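Welcome! Please take a look at the sequence and the structure shown here, and then we will walk through some parts of it together.

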Amino acid sequence: MTTRNLIRSVRGERSALSRRSVLGLACLAPFAVLPARAAELVTFADIAVADDQYTEKARKLAGKVVEMRGYMAPPLKPEIDFFVLTSLPTAICPFCDAAASWPDDIVLVRLSRPVRALAYDRLLNVSGILEIGIDTDTATGFVSLVRLREAQYTKV
């Protein structure tokens with residue numbers, strides 16, 4: 001085999017290896033956009049407050065990143081840095097209607113950045129750091145028992 005043929009052979013192998021690498025990466029690309037499932041999935045029942053007592057699961061997960069599913073209650077303005085997560089769609093803003101009242105199973109969601117509000121009937125996955133205990137927001141005066149801090153959401 002001549003030197004020229006040997007060089008062509010090596011170049012051909014490099015080219016095939018490069019094509020294989022690109023093809024392999026292309027096959028893996030769809031999985032690169034899937035979120036990591038580090039957060040534990042929590043339901044409203046998992047963190048229920050009864051007689052001022054939180055569930056054992058809520059106490060264990062306090063301070064950790066969790067994920068919840070629910071609906072954004074209608075906010076006061078279109079751009080928001082927090083919202084109330086409810087287990088069922090809530091069409092009436094309780095801040096806006098004196099006759100309305102908040103459901104018992106709500107979670108205050110403090111977002112990591114301001115966003116535009118979504119429709120009240122859009123199911124969301126929300127992840128954030130779980131906080132439990134009574135807290136009054138200094139900016140709004142809103143009193144909450146359960147919160148997700150530094151939260152983000154995705155539409156389901």
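A residue counts as buried when its relative accessible area is under 20%. Keep that cut-off in mind as we explore this predicted model.

**Ser 144 and its surroundings**

Is Ser 144 buried or exposed? Its relative accessible area is 4%, so Ser 144 is buried. You can find Ser 144 in strand β8, which covers residues 143-155. The side chain of Ser 144 makes a polar contact of 3.0 Å with the side chain of Arg 147. Setting aside residues up to four places away in sequence, Ser 144 touches Leu 108, Gly 133, Ile 134 and Asp 135.

**Strand β4 and its partners**

Now turn to strand β4, residues 65-72. Six of its eight residues are buried, so β4 is largely enclosed by the rest of the structure. Which strands pair with β4, and in what sense? The table lists pairings, each with an example of bridge partners.

| Strand paired with β4 | Sense | Bridges | Bridge partners |
|---|---|---|---|
| β1 (residues 40-41) | parallel | two | Glu 40 and Val 66 |
| β7 (residues 123-136) | antiparallel | seven | Met 68 and Val 126 |
| β5 | antiparallel | two | Met 72 and Leu 85 |

β4 and β5 also form a hairpin, with six residues between them.

**Leu 85, a residue in β5**

Leu 85 appeared in the table as the bridge partner of Met 72, and its place is in strand β5, residues 79-86. With a relative accessible area of 0%, Leu 85 is buried. What does Leu 85 contact, leaving aside its neighbours within four places in sequence? Its contacts include Phe 44, Met 68, Gly 70, Tyr 71, Ile 106 and Val 126. Val 109 is another of these contacts: along the chain it is 24 residues from Leu 85, and the C-alpha to C-alpha distance between the two is 6.6 Å.

**The second largest pocket**

Finally, let us visit a pocket. The second largest pocket has a volume of about 280 Å³. It is lined by 17 residues, and the closest to its centre are Val 49, Asp 104, Asp 105, Ile 106 and Leu 145. Which strand gives the most to this lining? That is β8, with four residues; β8 is also the strand that holds Ser 144. Both β6 (106-116) and β8 supply at least two residues each. Sorted by class, the lining has 14 nonpolar, one polar and two charged residues.

Definitions and conventions. Residues numbered from 1 in each chain as written. Predicted model: local features only at pLDDT ≥ 70, side-chain atom pairs only at ≥ 80, totals over all residues. Heavy atoms only, no water. Buried < 20%, exposed > 50% of the residue type's maximum accessible area, 1.4 Å probe, protein only. Polar contact = N/O pair within 3.5 Å; in protein donor to acceptor, adjacent residues only side chain to side chain. Contact = heavy atoms within 4.5 Å. 1 Å grid on protein atoms, 1.4 Å probe; cavity = no way out; pocket = protein on both sides within 12 Å on 5 of 7 lines; lining within 4 Å. Points joined across faces, edges and corners; volume = space filled by probe spheres on them. Nonpolar A, V, L, I, M, F, W, Y, C, P; charged D, E, K, R; others polar. Pairing = 2+ DSSP bridges.
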